[in-house]
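Reader: I should like to go through this structure with you element by element. May I put my questions in turn?

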Amino acid sequence: MRVAVVGAGVSGLSSIKCCLDEGLEPTCFEQSKDIGGLWRYTEHVETGRPSLYLSVISNTSKEMSAFSDFPYPEDFPVFLPNARLLDYLRRYAQHFGLWKHIKFGTTVVSIQKRTNFATTGQWDVVTEADGKQTLHIFDAVMVCSGNFSEPSLPLHCFPGIERFKGQYFHSRQYKHPDVFQGKRVLVVGMGNSGVDIAVEASRVAAKVTLCTSRGAWVISRVFDHGYPWDMVINTRFMSLIINSLPGPLSRGLINYRVNQWFKHENYGLQPEKSCLVREPVLNDDLPSYILTGRITIKPGVKEFKDNSVVFHNCPEEEPIDTIVFCTGYNISFPFLEEAVVKVENKHASLYKYVFPTHLQWPTLAILGLIKPLGAIMPVTEMQARWVTRVFKGLCWLPPQSVMEKEVNEKKNQVQRFGLSFDEVLKTDCLVYMDDLASFIGAKPSVLGLLCRDPRLALSIFFGPCTPYQYRLQGPGCWEGAHQAILNQWDRTLKPTRTRVPADSSSPSPSLLTVVGVLLLLAALVFGFQ
């Protein structure tokens, strides 16, 4: 079975590998000259490719971000600069023999149903390389082109921008903070990129203002007792608590946790709808930069003038020289017909964020079009494991009516994350991974393991939900998964415990952490009565 893979980034590489695991024949088309997608830094912005700034560091820790059968080297830092993450992707491609399946410098021009699609489910894929177009026939297609290539710059939402005489640009254009030297800078938007750029700009700019109409929760990569945030938060134990408690109690617990580092209200960051659980922004410096006056937080923009800006509920004008719009990206599949994947209000209607619901044959899948509250790599890998099993006929999709009903329900389920342009792309990482894993028989059974291997079962339930858990059983079972789970804290702290006192303790969090959470939960229960 011949499978076309579009793009050789994180999703594309795992798709190639999963195709090979299932005995399929993948051909990956990558328009650039190298792998890596978003994680390959280039000094200049390239058309049709994601673009990142030089200082980008991963927001998720290496153990939580690993492919499920390929741990990071233990000497790699806990949170990875983009160059080290690209190095990991190269090692992954080399280890599993993926390079030979990638055609570089090849752009996918169009993907269309074959005339006999109703009986074969096949696709006509037209590619272009060196100015020459070629028609290919594939049995299935995995679209892994990402959603960080087409910037969203809604200038019509900013009255007076046409009069502004200074410089403005989208965050996609940003590479180095030198452009802000001595300038008065306004950063519009408070996602991860917006906060990163504001922090960097404040080191060289005359003044930096960060405006947000909705606010945001801000957390640090360094969490309880210095452990990585996602290895503390993303556990089955915590997921069970958050998803089992009544809404007010669950929200109270989360609000308490995110305000432990600093009280967001005192820094102008408290989300407008504090009863909603918004996705967090990861930044280690923002609170201290606000405290020291390097960054000022303001509400949303009311209007721009020639050399200044007016904010809502702030009558005075503020002079500015440069504006950076951190307003996100549009979802776009220029090589697909709208009849195949329709994008409406920056949302594609996909079952489990993967399959179009209306195709007669489930032979086209979109991977990576999701924003998990956690690492993206293990999520796209799990998508690829499921998709390749569907392609082979080993897993089945429900009827179209059932899929469409679920997709429509997702559109209305925005209360957990708050209203935003891409709310339906956000999902609980652990719940989603378990959902897909159950389809292929790879979801770990904690109760079953409790009888056979209590130590492993407790590590899986109370410890971080690392991707290796999904290689303990089912197709693609990896014999190294057991040891990878038990040694995950050793690999995490290897690059940081470079000086170890003679009376040092165990590198992993003690059970006191669990007891502390239980006490906190009990306090909240009595507090809400």
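Reader: Which residue takes a positive phi just after α12, and of about how many degrees?

Author: The model is predicted, and helix α12 covers residues 429-440. Directly following α12 comes Gly441, whose phi is positive, at about 80 degrees.

Reader: How far apart are the end C-alpha atoms of α12, and what should its residues span?

Author: Helix α12 has 12 residues, and at 1.5 Å a residue they should span 16 Å. The expected span is 1.5 Å times one less than the number of residues. The end C-alpha atoms of α12 agree with the expected 16 Å, being 17 Å apart.

Reader: Which residues of α12 are buried?

Author: Buried here means under 20% relative accessible area. In α12 this applies to Cys429, Leu430, Tyr432, Met433, Asp434, Leu436, Ala437 and Ile440.

Reader: At what angle do α1 and α10 pack, and how far apart are their axes?

Author: Two packed helices are described by an angle and a distance between their axes. For α1 (residues 10-21) and α10 (residues 377-392), the angle is about 35 degrees and the axes are 9 Å apart.

Reader: What classes of residue make the contact of α1 with α10?

Author: The crossing of these two helices, α1 and α10, is right-handed. From α1, the contact draws on Val10, Ser11, Ser14, Ser15, Cys18 and Cys19, and from α10 on Met377, Thr380, Glu381, Ala384, Arg385 and Thr388. By class, the contact comprises five nonpolar, five polar and two charged residues.

Reader: Are the residues on the two faces of β7 buried or exposed?

Author: In a regular strand the side chains alternate between the two faces of the sheet. In β7 (residues 140-143), Ala140 and Met142 lie on one side, with Val141 and Val143 on the other. Both faces are covered, and these four residues are all buried.

Reader: Which residues are the bridge partners of Val3 and Val141?

Author: Strand β1 (residues 2-6) is joined to β7 by four bridges in parallel, and β7 also pairs in the parallel sense with β22 (residues 364-366), over three bridges. The partner of Val3 in β7 is Ala140. For Val141, the partner in β22 is Leu364.

Reader: Why is one side of β15 and of β17 left without a neighbour in the sheet?

Author: The open sheet has three strands in the order β15-β16-β17, with antiparallel pairing. Because β15 (301-304) and β17 (314-319) stand at the edges, each has a single partner strand.

Reader: Which residue in β16 stands opposite Glu303?

Author: Strands β15 and β16 (residues 308-311) run antiparallel and are joined by three bridges. Opposite Glu303 in β16 stands Val310.

Note on methods: Residues are numbered from 1 along each chain as its sequence is written. This is a predicted model: local features need pLDDT of at least 70, side-chain atom pairs count only at pLDDT 80 or more; totals for chains, interfaces and linings use all residues. Side-chain values use heavy atoms; hydrogens and water are left out. Two strands pair if DSSP finds at least two bridges between them. Axes are lines fitted to C-alpha atoms, for helices over the stretch in contact, and angles run from 0 to 180 degrees between N-to-C directions. A crossing is left-handed if the near helix is turned anticlockwise from the far one by less than a right angle, and right-handed if clockwise. Contact means heavy atoms within 4.5 Å. Ala, Val, Leu, Ile, Met, Phe, Trp, Tyr, Cys and Pro count as nonpolar, Asp, Glu, Lys and Arg as charged, and the others, Gly among them, as polar. Buried means under 20% relative accessible area, exposed over 50%, partly exposed in between (1.4 Å probe, protein chains only).
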